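Visitor: I am new to this protein and would like to be led through it slowly, one question at a time. Could you show it to me before we begin?

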Amino acid sequence: MKVIEVDLGKRSYPIYIGDSILADKELIDKQITSHQVLVVTNETIAPLYLKSIVNNLAGLDYDVLVLPDGESYKSLDCFNQIISRLMEKKFNRTCMLIALGGGVIGDLTGFVAACYQRGVKFIQIPTTLLAQVDSSVGGKTAVNHPLGKNMIGAFYQPSAVLADTSVLSSLPDREFSAGLAEVIKYGLIRDREFYEWLENNIDLLIQRDNKALIYTIERSCINKAE
């Protein structure tokens, strides 16, 4: 497992990158610092990976909110659904949110965390390559408006990011390619050595070789963090 520290002073946080880290109970337990936990995910991801997270929440006051899948649900309506659930369950300002999904779930949950009781902790568990190398890192959180994308949001850093390469095996080829495009962009704009490595190892990445994926996510996150 690789660990990258995003150095932002008091807002610093770790990014954990590895194979099957969602099955690492000790690692998950270490990140959960509240007795009240809300897991936000979607209908595509929940049947695949929700159980792995819930298994680590035994004994806690936790709840799960499963939203529909798709960019159209990165909305104020879904924002309000999450806020309403937190209030209905009487979650206090020491609660924690877990975003289990791609960029839509991560952005939406992060924005809720930034706003609920003026800010609560949240963990990013990105399940797409694009989210693992981009949207889960950097603290950009937002929802869309009919007149513009990402027009309502806040910069709000997570407590931790858990990038599990094993979840990428279920990712459709088109979505995997979207993540690769972002990876290549890092090489083109600021990391020549990485770009040359990508040229020589792109076949391994397309085959979703685990070692190549871990290195790729690590290098991309280092570039994003810098």
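Visitor: What radius of gyration would a compact globule with 226 residues have, and what does the protein have?

Guide: It should be said at the outset that this is a predicted model. For 226 residues, a compact globule would be expected to have a radius of gyration near 17 Å. The value for the protein agrees with that expectation, since the protein has 17 Å.

Visitor: How many helices and strands does the protein have, and what does its C-alpha trace span along the principal axes?

Guide: The protein is built with 8 helices and 9 strands. Taken along the principal axes, the C-alpha trace of the protein spans about 55 × 45 × 35 Å.

Visitor: Among contacts between residues at least 6 apart in sequence, what percentage joins residues at least 24 apart?

Guide: Two percentages help to describe the inside of the protein. Of its 226 residues, 51% count as buried. Among contacts between residues at least 6 apart in sequence, the share that joins residues at least 24 apart is 75%.

Visitor: What area does the protein expose, and how far apart do the centres of its positive and negative side chains lie?

Guide: The exposed area of the protein is about 11,100 Å², and carbon and sulfur atoms supply 51% of it. As for charge, the protein has 23 positive and 27 negative side chains. The centres of these two sets are separated by 7 Å.

Visitor: Which helices are tied together by the aromatic pair of phenylalanine 79 and phenylalanine 111?

Guide: Searching the whole structure gives 5 aromatic pairs. One of them joins phenylalanine 79 and phenylalanine 111, with 5.0 Å centre to centre and 35 degrees between the planes, and this pair is tilted. Phenylalanine 79 and phenylalanine 111 are both buried. Because the first belongs to residues 76-88 and the second to residues 103-115, the pair ties together parts that are 32 residues apart in sequence, namely helix α3 and helix α4.

Visitor: Why is the pair of phenylalanine 194 and tyrosine 215 given the class it has, and which class is that?

Guide: The ring centres of phenylalanine 194 and tyrosine 215 are 6.2 Å apart, and their planes stand at 70 degrees. Planes over 60 degrees apart meet the cut-off for one particular class, so the pair of phenylalanine 194 and tyrosine 215 is edge-to-face.

Visitor: Which parts of the chain does that pair of phenylalanine 194 and tyrosine 215 tie together?

Guide: The two rings sit in parts that are 21 residues apart in sequence. Phenylalanine 194 and tyrosine 215 also form one aromatic cluster with Trp197. Since phenylalanine 194 falls within residues 192-206 and tyrosine 215 within residues 210-225, the parts tied together are helix α7 and helix α8.

Visitor: Are phenylalanine 194 and tyrosine 215 buried or partly exposed?

Guide: Phenylalanine 194 has a relative accessible area of 0%, so it is buried. Tyrosine 215 has a relative accessible area of 26%, and tyrosine 215 is therefore partly exposed.

Visitor: Where does lysine 90 lie, and is it buried or exposed?

Guide: Lysine 90 has a positive phi of about 60 degrees although it is not a glycine. Its place is the loop between α3 and β5, the latter covering 96-101. With a relative accessibility of 67%, which is over the 50% cut-off, lysine 90 counts as exposed.

Visitor: Where does arginine 118 lie, and is it buried or exposed?

Guide: Arginine 118 is not a glycine either, yet it has a positive phi of about 65 degrees. It is found in the loop between α4 and β6 (121-126). Its relative accessibility is 77%, so arginine 118 counts as exposed.

Visitor: With which residues is alanine 114 in contact, leaving aside its neighbours within four places in sequence?

Guide: Alanine 114 lies in helix α4, and at 15% relative accessibility it counts as buried. Once the neighbours within four places in sequence are left aside, the contacts of alanine 114 are Gly119, Ala154 and Tyr156.

Visitor: With which residues is asparagine 144 in contact when the same neighbours are left aside?

Guide: Asparagine 144 belongs to strand β7, which covers residues 140-145. Its relative accessible area is 14%, so asparagine 144 is buried. Leaving aside neighbours within four places in sequence, asparagine 144 is in contact with Glu71, Lys74, Ser75, Leu76, Lys149 and Asn150.

Notes
Residues are numbered from 1 along each chain as its sequence is written. This is a predicted model: local features need pLDDT of at least 70, side-chain atom pairs count only at pLDDT 80 or more; totals for chains, interfaces and linings use all residues. Side-chain values use heavy atoms; hydrogens and water are left out. Helices (H or I, at least four residues) and strands (E, at least two) are DSSP runs, numbered from the N terminus. The radius of gyration is taken over C-alpha atoms; the globule rule is 2.2 Å times the number of residues to the power 0.38. Buried means under 20% relative accessible area, exposed over 50%, partly exposed in between (1.4 Å probe, protein chains only). Contact means heavy atoms within 4.5 Å. Accessible areas come from the Shrake-Rupley method with a 1.4 Å probe; for residues, only the protein chains shown count as cover. Lys and Arg count as positive and Asp and Glu as negative; His and the chain ends are not counted. The place of a charge is taken as NZ of Lys, CZ of Arg, CG of Asp or CD of Glu. Rings of Phe, Tyr and Trp (its six-membered ring) pair if their centres lie within 6.5 Å; planes under 30 degrees apart count as stacked, over 60 as edge-to-face and the rest as tilted.
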